[in-house]
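Please open the structure in a viewer and keep the selection tool at hand. The tour below proceeds stop by stop.

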Number of protein chains: 2
Amino acid sequence: MYNSAESVERLINRLARLPGIGRKSAARLAFHILKLSKDEANEIADTIREVKEKVGYCSICCNISESDPCLVCQDPRRRREVICVVEEAADAAALDKAEGFDGLFHVLGGRLSPLDGIGPDDLRIKELLARLDDGTVNEIILATNPNVEGEATATYLSRLLRPMGIRVTRIARGLPVGSDLEYADSATLNRALEGRQDI
Amino acid sequence: MYNSAESVERLINRLARLPGIGRKSAARLAFHILKLSKDEANEIADTIREVKEKVGYCSICCNISESDPCLVCQDPRRRREVICVVEEAADAAALDKAEGFDGLFHVLGGRLSPLDGIGPDDLRIKELLARLDDGTVNEIILATNPNVEGEATATYLSRLLRPMGIRVTRIARGLPVGSDLEYADSATLNRALEGRQDI
């Protein structure tokens with residue numbers, strides 16, 4: 001695009017490959033970085049390097065962590081009887097931020113997706129089963145995403161886990177808090193009706 | 001947010017300070033970077049460092065450049081009689097990409113904005129005037145943004161330049177190509193009417 005600064009072009013191309021960032025946003029970001037002081041720009045570069053150097057995986061819950069086991073698995077205030085199963089580390093982070101869950105997590109590292117060639121062996125299911133051996137856990141909450149692949153993953157896991165005598169639950173699907181019934185899609189509305197509760 | 005990986009939190013905070021990136025996008029980007037290989041992540045960090053090391057400013061047109069003078073100012077195929085004045089390097093890049101202009105650029109480095117304390121002395125106007133001394137330039141195209149501050153900057157510059165006997169023009173404001181008259185705002189419609197041309 002801009003032939004007088006090849007390195008800018010390279011930066012734009014690299015940024016444009018990030019998720020949710022098109023070429024125009026990438027160009028805006030690159031020109032913003034050009035306007036930063038050298039220290040500020042290097043701070044971004046350093047935090048990216050740092051994250052890749054420090055962050056690994058917890059050998060228990062498979063979540064990202066700087067320590068092993070991770071701080072959640074180590075935390076004595078967390079209930080050890082409930083494990084909330086999520087697809088990705090970002091999902092665990094979102095639930096943690098919401099502060100409504102005080103049990104442990106298990107990060108699958110994806111969801112079943114036959115079209116992408118992702119089967120049960122590609123997810124950290126073996127690691128989940130290993131956590132059930134000592135009999136501490138009495139409930140597994142399946143918090144995979146409420147879409148086709150997430151539902152399939154939840155169904156697969158529930159069939160695997162229920163015979164083991166553990167309570168298996170699925171997070172509720174319904175109308176988002178603060179939303180408008182009028183604008184909700186019909187699948188969500190039907191789910192909200194099915195999942196109705198006595199008040 | 002996610003207490004088991006401080007460096008992730010730091011990266012999210014840093015990314016969220018970039019323009020057009022909110023906390024949620026920053027988190028998505030950070031988790032994407034975590035999933036990249038170390039080499040891929042370091043490539044991003046390196047391109048950011050590289051851009052800050054290599055890119056400086058052209059001493060003639062004040063545009064960003066890896067060489068001085070920049071490749072545009074050096075290019076013998078460019079018409080030296082016309083200078084297109086823009087606010088930022090990104091604007092020059094956009095015009096260059098459109099390939100409809102074969103003259104030279106001048107990057108002001110901003111626009112007049114009394115509310116932000118930006119006056120004429122904060123823009124590279126002195127450098128623009130210096131380029132007119134040898135009498136080569138016979139037209140200045142004012143291509144500052146078509147908003148309040150950009151218009152004020154253009155008006156200021158035209159008052160400064162016209163007495164010097166140079167033709168001063170302003171890029172046309174009207175309906176964007178491919179747009180719908182029905183959805184255009186009234187300021188744009190009025191400008192499009194005022195700027196009408198014989199066909």
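The stops that follow treat the two chains, a sheet, a helix and some local features of the backbone.

**The two chains**

The model is a predicted one. Begin by displaying chain A and chain B together. A turn of 180° with a shift of 0.0 Å along the axis lays chain B on chain A, with an RMSD of 0.1 Å. The two copies are thus related as by a two-fold rotation axis. The same surface serves both of them, for 98% of the contact residues of chain B recur in chain A. Which residue of chain B comes closest to the rotation axis? Select Ala45(B): its C-alpha lies 2.0 Å from that axis.

**The sheet of chain A**

Next, hide chain B and show the strands of chain A. An open sheet is formed by 4 strands in the order S4-S3-S5-S6, and the pairing is parallel. At the edges are S4 (104-107) and S6 of chain A, each of which pairs on one side only. From one strand to the next, the twist averages 25°.

Now select S3(A) and S4(A), which pair in the parallel sense over 4 bridges. Within this pairing, Val85(A) has His106(A) in S4(A) as its bridge partner. Helix H5 (residues 89-98) of chain A packs on the sheet and touches S3 and S4 of chain A. The direction of H5 makes about 160° with that of S4(A).

**Helix H7 of chain A**

Select residues 148-161 of chain A, which make up helix H7. This helix has 14 residues and reaches 20 Å from its first C-alpha to its last, close to the 20 Å expected at 1.5 Å a residue. Which residues of H7(A) are buried? They are Gly150(A), Glu151(A), Thr153(A), Ala154(A), Leu157(A), Ser158(A) and Leu161(A). Turn the view to look down the axis of H7(A): the buried residues fall within an arc of 160°, so they line one face of the helix. On the face turned away from that buried side, colour the exposed residues Val148(A) and Arg159(A).

With the sheet shown again, H7(A) is seen to lie across S3, S5 and S6 of chain A, running at about 170° to S6(A). The cover over its buried residues includes strands S3 (82-86), S5 (139-142) and S6 (167-170), together with helices H6 (125-130) and H8 (186-194) of chain A.

**Strand S4 of chain B**

Turn to chain B and select residues 104-107, which form strand S4. Both of its faces are covered: Leu104(B) and His106(B) on one side, and Phe105(B) and Val107(B) on the other, are all buried. Strand S3 (residues 82-86) of chain B pairs with S4(B) in the parallel sense over 4 bridges. Here Val86(B) has Val107(B) as its bridge partner in S4(B).

**Local features of the backbone**

Most residues other than glycine have a negative phi, and most peptide bonds are trans. With this in mind, select Cys62(A), whose phi is near 65°, a positive value. Cys62(A) sits in the loop between strand S1 (56-57) and S2 of chain A, and is buried, with a relative accessible area of 6%. In chain B, Cys62(B) also has a positive phi, of about 65°.

Finally, select Asp68(A) and Pro69(A), which a cis peptide bond joins, with omega about 0°. Pro69(A) lies in the loop between strand S2 (64-65) and helix H4 (71-74) of chain A. In chain B, a cis peptide bond joins Asp68(B) and Pro69(B).

Key
Residues are numbered from 1 along each chain as its sequence is written. Chains are lettered from A and ligands numbered from 1 in the order in which they are written. This is a predicted model: local features need pLDDT of at least 70, side-chain atom pairs count only at pLDDT 80 or more; totals for chains, interfaces and linings use all residues. Side-chain values use heavy atoms; hydrogens and water are left out. Helices (H or I, at least four residues) and strands (E, at least two) are DSSP runs, numbered from the N terminus. The expected span of a helix is 1.5 Å times one less than its number of residues. Buried means under 20% relative accessible area, exposed over 50%, partly exposed in between (1.4 Å probe, protein chains only). The arc is that of the directions from the helix axis to the C-beta atoms. Contact means heavy atoms within 4.5 Å. Copies are superposed by least squares on the C-alpha atoms of residues with pLDDT of at least 70 in both. Two strands pair if DSSP finds at least two bridges between them. Axes are lines fitted to C-alpha atoms, for helices over the stretch in contact, and angles run from 0 to 180 degrees between N-to-C directions.
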